[in-house]
Amino acid sequence: HSMVKFSFILLVPSQNPYIYWYSVVDYSTIWIKWHRVEYRYIRGTLLGYRVYVLEAEYNHGSQPYKREITSNDPDQFDFNITGLPPATRFRIWVAAFTSIGEGTQRHEKWIKTSKVVRITSAHVPMISHNVIKEVKP
């Protein structure tokens, strides 16, 4: 009798999700939705996703805004990123991870938060009720 041994090599996912839909909810919130990674690309047990947020444009010498959010739910495919600085452009991508680590691809979306809209006292122009009469020669 010959014995057949199976060995499974656990690796990081060979493909990361693509963000295919997003919405700028308000000046500090961006909602993103991504595709499920196909099983053949996971190469292990999918444990969840990491959402990366990196400020795209910043002054040289200053620290760019950076954030990493981990979701330990492999069935979560959307996320509300809150608490972002207003009127700022971000590079956002999602990485799938297994117990070995996460995929290395970056399918980035560049998304900008909106400006803060401050409603101040409205200045309503005075409407003149003067009637302009046509002057006939």
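The following paragraphs lead through the confidence, the sheets, the nonpolar core and the salt bridges of a predicted model.

The protein chain has a mean pLDDT of 85, with 79% of its residues at 70 or more. One stretch calls for caution: over residues 128-132 the pLDDT is below 50. In the model, residues 128-132 make zero contacts beyond near neighbours in sequence.

The description of the fold may begin with the sheet that holds β1. This open sheet has three strands in the order β1-β2-β5, and the pairing is antiparallel. Its edges are formed by β1, residues 19-26, and β5, residues 78-81, each of which pairs on one side only. On average, and with direction ignored, neighbouring strands of this sheet are turned by 15° against each other. Strands of a sheet pair through backbone hydrogen bonds, in either a parallel or an antiparallel manner. Between β1 and β2, the latter spanning residues 29-34, the antiparallel pairing extends over six bridges. Within this pairing, D26 has T29 of β2 as its bridge partner.

A further open sheet is built from four strands, in the order β4-β3-β6-β7, again with antiparallel pairing. Here β4 and β7 are the edge strands, each paired on one side only. The average turn between neighbouring strands of this sheet is 25°, direction ignored. The antiparallel strands β3 and β4 are joined by six bridges, and R50 stands opposite T70 in β4.

From the strands the account passes to the nonpolar interior. The largest nonpolar core comprises 20 residues. Those with the most contacts inside this core are I32, W34, Y49, V51, I81 and I92. Strands β2, β3 (48-55), β5 and β6 (89-97) each supply at least two residues of the core. The largest contribution comes from β6, which gives four residues. V51 illustrates how the surroundings of one such residue are composed. Residues up to four places away in sequence being left out, V51 touches I32, W34, F79, I81, I92, W93 and V94, together with R67, E68 and I69.

Charged side chains form the next topic. Side chains of opposite charge can pair when their charged atoms come close. A search of the whole structure yields seven salt bridges. In one of them, the side chains of R40 and E38 meet at 3.0 Å, N to O. R40 is exposed, with a relative accessible area of 56%, whereas E38, at 40%, is partly exposed.

Another salt bridge joins the side chains of R89 and E57, at 3.2 Å from N to O. This pair links distant parts of the chain: R89 belongs to strand β6, while E57 lies in the loop between β3 and β4 (66-71), 32 residues apart. R89 is partly exposed, with a relative accessible area of 29%. E57 also counts as partly exposed, at 48% relative accessibility.

A salt bridge is likewise formed by E108 and R91, whose closest N and O atoms are 3.0 Å apart. E108 lies in the loop between β6 and β7 (109-112) and R91 in strand β6, so the pair ties together parts that are 17 residues apart in sequence. The relative accessible area of E108 is 26%, and this residue is therefore partly exposed. Beyond such pairs, R50, E68 and E102 are linked in a network of salt bridges. Two members of this network have appeared above: R50 stands opposite T70 in β4, and E68 is among the residues that V51 touches.

The last part to be considered is the segment after β7, where K115 is placed. K115 is exposed, with a relative accessible area of 64%. Which residues does K115 contact, leaving aside its neighbours within four places in sequence? The contacts of K115 are with Y27 and A87. In addition, the C-alpha atoms of K115 and P86 are 5.4 Å apart in space, although these residues are separated by 29 residues in sequence.

Conventions
Residues are numbered from 1 along each chain as its sequence is written. This is a predicted model: local features need pLDDT of at least 70, side-chain atom pairs count only at pLDDT 80 or more; totals for chains, interfaces and linings use all residues. Side-chain values use heavy atoms; hydrogens and water are left out. pLDDT is the predictor's confidence in each residue, from 0 to 100. Contact means heavy atoms within 4.5 Å. Two strands pair if DSSP finds at least two bridges between them. Axes are lines fitted to C-alpha atoms, for helices over the stretch in contact, and angles run from 0 to 180 degrees between N-to-C directions. A nonpolar core is a set of buried Ala, Val, Leu, Ile, Met, Phe, Trp, Tyr and Cys residues joined through side-chain atoms within 4.5 Å. Buried means under 20% relative accessible area, exposed over 50%, partly exposed in between (1.4 Å probe, protein chains only). A salt bridge is a side-chain nitrogen of Lys or Arg within 4 Å of a carboxyl oxygen of Asp or Glu.
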